[in-house]
Amino acid sequence: MRYFGKNAKDLPLSNLRLPSGAHGSFAQPETSDSRNVSVVNVGNRECSLNLEGVRGGVENVCQILESGTWGPSLENALSVFDEKPQTELVIGVLKRLKDIDVAVNYFRWAEAKTNQPHCPEAYNSLLMVMARSKKFDYLEQILEEMSLAGFGPSNNTCIELVVSCVKCQKLQEAFDFIQSMRKFKFRPAFSAYTTLIGALSVVHEPDLVITLFHQMQELGYEVNVHLFTTVIRLFAKEGRVDAAVSLLDEMKSNAFDADIVLYNVCIDCFGKAGKVDMAWKFFHEMKVHGLLPDDVTYTSMIGVLCKANRLDEAVELFEQMELNKKVPCAYAYNTMIMGYGSAGKFEEAYNLLERQKLKGSIPSVIAYNCILTCLGKKGMVDEGLRIFEEMKKDANPNLSTYNILIDMLCRAGKLESALEIQDAMKEAGLFPNVLTMNIMIDRLCKAQKLDEACSIFEGMGHNVCTPNAFTFCSLIDGLGRRGRVDDAYRLYEQMLDSDWVPDAVVYTSLIRNFFKSGRTDDGHKVYKEMISRGVSPDLTLLNTYMDCVFKAGETGKGRALFEKIKARGFTPDVRSYSILIHGLTKGGFANETYGLFYAMKDQGCVLDTLAYNTVIDGFCKSGKVNKAYQLLEEMKVKGHQPTVVTYGTVIDGLAKIDRLDEAYMLFEEAKSKGVELNVVVYSSLIDGFGKVGRIDEAYLIMEELMQKGLMPNVYTWNCLLDALVKAEEIDEALVCFNSMKDLKCSANTVTYSILINGLCRVRKFNKAFVFWQEMQKQGLKPNMITYTTMISGLAKAGNILEANGLFERFKANGGIPDASCYNTMIEGLSVTNRAMEAYSLFEETRLKGRNIYTKTCIVLLDALHKAECLEQAAIVGAVLRETAKSQHASRFL
């Protein structure tokens with residue numbers, strides 16, 4: 001036989017499968033009739049023998065191909081077996097192979113040996129190997145060769161390739177295959193298109209679907225109502241209403257009549273997309289076209305109306321449906337019951353249950369589950385338990401029922417009752433599934449009962465169900481939020497050991513909680529680990545990470561992360577910009593707000609309340625208060641109600657630039673609109689009025705604050721005290737300080753600094769020193785202003801020993817005295833006849849580059865003359881003359 005090749009004798013006989021009868025002979029006919037019959041029989045025999053020969057050859061070639069990896073030795077074995085394989089053999093082998101790499105190598109070898117291009121069937125067989133192996137690396141190359149040869153994949157091959165991709169969820173590969181066919185001018189099969197469109201619709205890929213849909217039309221395929229329905233449903237579900245309406249118009253322009261299925265799809269999908277009036281339009285339009293609404297139509301429309309809180313219309317439609325109906329539609333009843341429950345009208349829901357029973361239809365477990373779900377959302381736990389007992393008369397509770405109850409009880413913090421329901425569930429022959437456990441763990445985490453949640457998690461491994469990715473995610477986040485970040489990370493490692501792949505949600509939680517706990521390095525490490533494991537961050541993770549980085553004071557890294565969002569192919573959203581603006585404002589770069597605000601608008605971002613507040617804060621901090629005020633007005637026009645943060649930010653901005661009347665008007669506007677103003681807003685006005693000396697108005701604001709039941713904080717008191725001190729009303733300031741203590745508001749370093757400064761200004765130095773000592777008894781550390789104020793006060797009071805001791809202590813603690821402090825000490829030492837000490841300090845002041853006052857030089861000069869320190873006096877005199885000259889020259893500049 002030809003198929004064994006001329007060198008077949010060189011192969012071991014055990015490797016050859018000769019067809020039976022290959023060595024026999026045929027009988028010779030004796031008559032002409034018998035001769036004709038014999039010719040037919042011989043032809044059939046030869047065909048059968050050829051077939052057997054091919055089969056045997058295929059078997060042998062496959063054995064050779066399976067005997068080792070491709071290489072020279074394997075090629076030699078194939079050549080020995082059959083130097084020039086025939087087409088039938090090649091096709092037969094390709095139909096048996098499952099490894100695409102082996103198939104391509106054999107395909108190329110056979111082509112080289114025969115020095116002939118392969119036939120269409122051989123190419124189609126090779127493509128089928130790709131379908132079986134689900135590997136498509138060689139696809140475009142093979143299609144290009146087929147195109148050059150003047151033929152393309154068969155319809156069956158095309159369909160099989162697409163179906164194979166769909167079955168293994170390689171939808172992008174299937175889409176790319178069809179696009180490659182179009183690239184080489186091939187015509188993909190109709191069924192290949194419809195199969196892929198159906199699969200892509202399930203995973204919500206509207207852009208890919210519409211591309212295929214339009215290609216079908218370009219190729220002249222007739223797209224029917226069913227296909228239009230599939231595509232319209234997808235776009236409507238995605239909320240892309242304009243595209244769905246456009247497709248509807250296109251369908252009508254092609255003279256297709258919409259059927260009841262399409263109308264039902266439109267009512268349901270457009271309604272769920274929030275286009276209730278459009279859903280109503282379809283409902284009435286179908287009647288005009290002679291189509292009577294069926295149960296699905298009514299139920300869908302009722303459900304849409306209930307979700308839109310248009311309960312009266314839903315009830316009217318339900319009654320219209322029931323009018324001529326003998327057998328109630330259970331699905332419609334369930335939908336209406338859910339509508340009543342969502343609206344909190346439980347009596348009406350119960351009445352509907354009774355009405356259903358009177359019509360001879362027993363309410364199903366779904367109806368009761370609807371009621372229980374609504375009761376759970378309203379927090380009506382006791383009523384939920386009552387209905388649970390009541391339902392047993394009509395329907396057996398199912399797994400969903402028990403899960404709803406457990407969820408309800410866990411939300412209410414009734415863990416013991418939830419565990420009792422779980423036991424009852426087991427007694428009813430139902431066993432908790434992973435959803436049950438996830439509900440309990442998630443709700444316990446949110447109720448901050450982490451030990452109980454961990455206990456349930458630990459018990460899962462011994463029960464029927466095992467934790468899934470959601471279980472790990474809930475507990476990791478719960479532990480992290482309560483500061484147990486090490487426990488959260490250990491659980492993350494356990495998740496990896498359990499062969500679950502953490503997603504972006506898990507990494508977001510870990511990063512946020514590490515940063516929140518002050519462990520910024522660990523937060524960065526988690527992000528790097530995520531990248532190294534090949535997990536792609538989503539926009540939420542990148543936004544969260546950027547927010548954490550900015551809050552940690554890493555402004556440069558925050559900027560870089562914003563750029564990384566764009567580099568990863570994401571478009572920054574309104575939250576991205578809000579985080580960036582807020583972070584830069586806190587980092588001292590508020591002046592960049594203006595450019596970022598317009599970049600955000602140019603990108604089409606729709607600002608929400610948080611974004612407006614962030615931008616307004618940035619404008620105020622960068623001195624663009626007018627722009628902030630304009631944005632406040634724009635916010636109102638756009639339908640966003642300004643919050644206490646909005647008003648507080650603008651009021652503070654106006655108060656800081658002394659536009660107090662405008663600030664007060666905005667303050668009154670906020671109150672008139674019912675905005676609950678907080679201590680921060682009141683403090684801004686008190687500070688503003690106090691700084692310009694409008695003490696009476698500052699007092700009135702303070703009185704109003706307290707009348708509202710708010711408690712002034714230490715900042716509020718400090719604002720008022722500072723205003724009084726600057727107005728030299730020190731006695732009133734001391735009264736305020738006592739009131740502050742009476743209201744249990746603890747003073748801070750700033751409070752004492754203000755009082756010490758005020759007392760020193762009115763020369764009550766001894767009283768100031770008393771406050772200095774009190775401050776230290778309270779465990780408060782004086783700041784530079786407190787030190788310098790106290791040192792100057794003591795020196796001016798003549799207590800030069802205490803002043804000098806304080807001065808030296810201040811420097812020993814790393815303090816840097818200012819010019820005023822140095823000059824005061826020099827003068828104090830001079831007037832107490834310590835001229836050389838004063839002179840030493842004079843030299844130190846000059847070395848430090850501090851300014852020496854003319855008066856200080858005169859006092860020191862007088863002291864040095866008295867002490868007969870003439871050399872030092874000459875130096876001070878020279879400095880005094882130089883100071884006088886520079887002051888004289890500056891008058892003429």
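The following exercises, each with a worked solution, concern a predicted model.

**Exercise 1. A negative surface patch**

Determine which residues form the negative surface patch, and which helix gives the most to it.

Solution.
Step 1. The patch consists of Glu416, Glu420, Asp423, Glu427 and Glu452.
Step 2. With 4 residues, helix H22, which spans residues 415–427, is the element that gives the most to this patch.
Step 3. Glu416 serves as an example, being found in helix H22.
Step 4. The relative accessibility of Glu416 is 56%; exposed means over 50%, so Glu416 counts as exposed.

**Exercise 2. Salt bridges and their surroundings**

State how many salt bridges are counted, and describe the pairs Arg108 and Glu111, Arg310 and Glu313, and Glu592 and Arg559.

Solution.
Step 1. Side chains of opposite charge can pair when their charged atoms come close.
Step 2. Under the rule of a Lys or Arg side-chain nitrogen within 4 Å of a carboxyl oxygen of Asp or Glu, the count comes to 55 salt bridges.
Step 3. In the pair Arg108 and Glu111, the N to O distance is 3.5 Å. Both residues belong to helix H4 (residues 100–114) and are 3 residues apart, about one turn of the helix.
Step 4. Arg108 has a relative accessibility of 23% and is partly exposed; Glu111, at 22%, is likewise partly exposed.
Step 5. Arg310 and Glu313 form a salt bridge with an N to O distance of 2.7 Å. Arg310 is partly exposed at 24% relative accessibility, and Glu313 is partly exposed at 28%.
Step 6. For Glu592 and Arg559, the salt bridge has an N to O distance of 2.4 Å. Glu592 lies in the loop between helix H31 (574–586) and helix H32 (593–602), whereas Arg559 lies in helix H30 (residues 555–567); the pair therefore ties together parts that are 33 residues apart in sequence.
Step 7. Glu592 is partly exposed, at 26% relative accessibility, and Arg559 is partly exposed, at 29%.
Step 8. Salt bridges with shared partners also join Asp407, Arg411, Asp442, Arg443 and Lys446 into one network.

**Exercise 3. Residues in helices H21, H25 and H27**

For Asn403, Asp477 and Val506, decide whether each is buried or exposed, and list the contacts beyond four places in sequence.

Solution.
Step 1. The cut-off for a buried residue is a relative accessible area under 20%.
Step 2. Asn403, in helix H21 (residues 399–411), has a relative accessibility of 5% and so counts as buried. Its contacts, not counting residues up to four places away in sequence, are Met425, Asn433, Leu435, Thr436 and Ile439.
Step 3. Asp477, in helix H25 (residues 469–481), has a relative accessible area of 18% and is therefore buried. Leaving aside neighbours within four places in sequence, Asp477 is in contact with Ser509, Arg512 and Asn513.
Step 4. Val506 lies in helix H27 (residues 504–516) and is buried, with a relative accessible area of 1%. With neighbours within four places in sequence set aside, Val506 is in contact with Cys473, Ile476, Tyr492 and Met495.
Step 5. The C-alpha atoms of Val506 and Ala469 are separated by 9.2 Å, while the two residues are 37 residues apart along the chain.

**Exercise 4. An exposed lysine in helix H15**

Establish the exposure of Lys307 and its C-alpha separation from Ser342.

Solution.
Step 1. Lys307 belongs to helix H15, residues 295–307.
Step 2. Its relative accessible area is 64%, so Lys307 is exposed.
Step 3. Lys307 and Ser342 are 35 residues apart along the chain, and their C-alpha atoms are separated by 8.4 Å.

**Exercise 5. Positive phi angles**

Give the phi angle, location and exposure of Lys744 and Glu868.

Solution.
Step 1. Lys744 is not a glycine, yet has a positive phi of about 60°. It lies in the loop between helix H40 (730–742) and helix H41 (749–761).
Step 2. Lys744 counts as exposed because its relative accessibility is 75%.
Step 3. Glu868, also not a glycine, has a positive phi of about 55°. Glu868 is placed in the loop between helix H47 (854–866) and helix H48 (870–891).
Step 4. At 67% relative accessibility, Glu868 is exposed.

Definitions and conventions:
Residues numbered from 1 in each chain as written. Predicted model: local features only at pLDDT ≥ 70, side-chain atom pairs only at ≥ 80, totals over all residues. Heavy atoms only, no water. Patch = residues over 30% accessible without salt bridge, like charges linked within 9 Å, V, L, I, M, F, W, Y side chains within 5 Å. Areas by Shrake-Rupley, 256 points an atom, 1.4 Å probe, with all protein chains shown as cover. Lys, Arg positive; Asp, Glu negative; His and termini not counted. Charge placed at Lys NZ, Arg CZ, Asp CG, Glu CD. Helix = DSSP H or I, 4+ residues; strand = E, 2+ residues; numbered from the N terminus. Buried < 20%, exposed > 50% of the residue type's maximum accessible area, 1.4 Å probe, protein only. Contact = heavy atoms within 4.5 Å.
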